[in-house]
Amino acid sequence: MKIICIGRNYADHAKEMKSEVPLEPVFFLKPDTALLPKRNPFFIPSFSNDVHHELELVVRINRVGKSIEEKFANRYYNEISVGIDFTARDIQAECKKKGLPWEKAKAFDGSAPVGDFIKLSENQNIQDLEIELKKNNEIVQKVNTEKMLFTVDQIISYVSQYITLKIGDLIFTGTPSGVGPVVIHDQLEAFIGEKKLLKLNIK
Ligand code: MG
């Protein structure tokens, strides 16, 4: 499986990063080794002094698809969760400055913990969900998915022009504003609505 991540999908996050709002989706990949086994802590990697949390809605692909039309994209998923796109911000800044790829900053081991998946019910609109991240019991990121610049269906349509989607692939749909550093002993909890789907200790 692969993990597809969308960058700059909320205007307020693009702004806090002093990045331009993209005209088409920006995406990059993480390998399966970026997943974090359930209930494992996240260990801050030794190569970074500034690892940030990025709370994101995560969609699990359940059918194989290539060049999917936007109007059919909703047939390719029915389970969602929240995940953290951990980012070594100091390394990313270096890569950006040199015009190099981001993998060192984004794709390292354990950099993509994902919570429990829940079924998207018939009457639920994936573009009208509240996602929220608490750090040490305080809300640090919170947004309604209606604020996405590119909808989940647009993302699936766009990405599948280039890359075949397979069963079990995960899409991290981008982070809202409020990203910030994690330090040892922090505790993260991520929610969709009232449902706590992910709890993570930082070590
Ligand atoms: Mg992200």
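This report describes the fold, the magnesium site and several local features of a predicted model of one protein chain.

## Overall fold and dimensions

The protein chain contains 4 helices and 13 strands. Its radius of gyration is 16 Å, which is close to the 17 Å that the globule rule gives for 203 residues, so the chain is as compact as a globular protein of that length. Taken along the principal axes, the C-alpha atoms fill a box of roughly 45 × 40 × 30 Å.

Of the contacts in the protein chain with a separation of 6 or more, 77% are made by residues 24 or more positions apart. Buried residues account for 51% of the 203 residues.

## Surface and charge

The protein chain exposes about 10,100 Å², and carbon and sulfur atoms supply 49% of that area. The chain carries 28 positive and 28 negative charges, and the mean positions of these two sets are 3 Å apart.

## The magnesium site

Three acidic side chains coordinate the magnesium ion, namely Glu54 and Glu56 through OE atoms and Asp85 through OD, at 2.0 to 2.1 Å. Along the chain, the donors follow the spacing E-x1-E-x28-D.

Both glutamates of the site fall under the 20% cut-off for burial: Glu54 is buried with a relative accessible area of 4%, and Glu56 counts as buried at 0% relative accessibility.

## Helix H4 and its cover

Helix H4, which spans residues 152–162, is mostly covered, with 8 of its 11 residues buried. The buried residues of H4 are Val152, Asp153, Ile155, Ile156, Ser157, Tyr158, Val159 and Ser160.

The cover over these buried residues of H4 includes strands from separate parts of the sequence: E1, E2 (26–30), E4 (55–61), E5 (77–84) and E10 (170–172). Strand E1 comprises residues 3–7, while Glu56, one of the magnesium ligands, has a number that falls in the range of E4.

## Gln187 in strand E12

Gln187 lies in strand E12, which covers residues 187–192, and is partly exposed with a relative accessible area of 26%. Leaving aside neighbours within four places in sequence, Gln187 is in contact with Lys134, Lys135 and Asn136, as well as with Lys199, Leu200 and Asn201. Among these partners, Lys134 and Lys135 have numbers within the range of strand E8 (130–135).

Gln187 can also be related to helix H4 through Val159, one of the buried residues of that helix. Gln187 and Val159 are 28 residues apart in sequence, and their C-alpha atoms are 33 Å apart in space.

## Positive phi angles in two loops

Two residues that are not glycines deserve attention for their backbone angles: Arg8 has a positive phi of about 50°, and Asn137 has a positive phi of about 75°. Arg8 is found in the loop between strand E1 (3–7) and helix H1 (11–16), whereas Asn137 has its place in the loop between strand E8 (130–135) and strand E9 (138–144).

With regard to accessibility, Arg8 is partly exposed, at a relative accessible area of 26%, while Asn137 counts as exposed at 60% relative accessibility. The loop of Arg8 thus follows strand E1, a strand that is also part of the cover of helix H4.

Conventions
Residues numbered from 1 in each chain as written. Predicted model: local features only at pLDDT ≥ 70, side-chain atom pairs only at ≥ 80, totals over all residues. Heavy atoms only, no water. Rg over C-alpha atoms; globule rule 2.2 N^0.38 Å. Buried < 20%, exposed > 50% of the residue type's maximum accessible area, 1.4 Å probe, protein only. Contact = heavy atoms within 4.5 Å. Areas by Shrake-Rupley, 256 points an atom, 1.4 Å probe, with all protein chains shown as cover. Lys, Arg positive; Asp, Glu negative; His and termini not counted. Charge placed at Lys NZ, Arg CZ, Asp CG, Glu CD. Donors = N, O, S within 2.8 Å, 3.2 Å for Na, K, Ca; no water.
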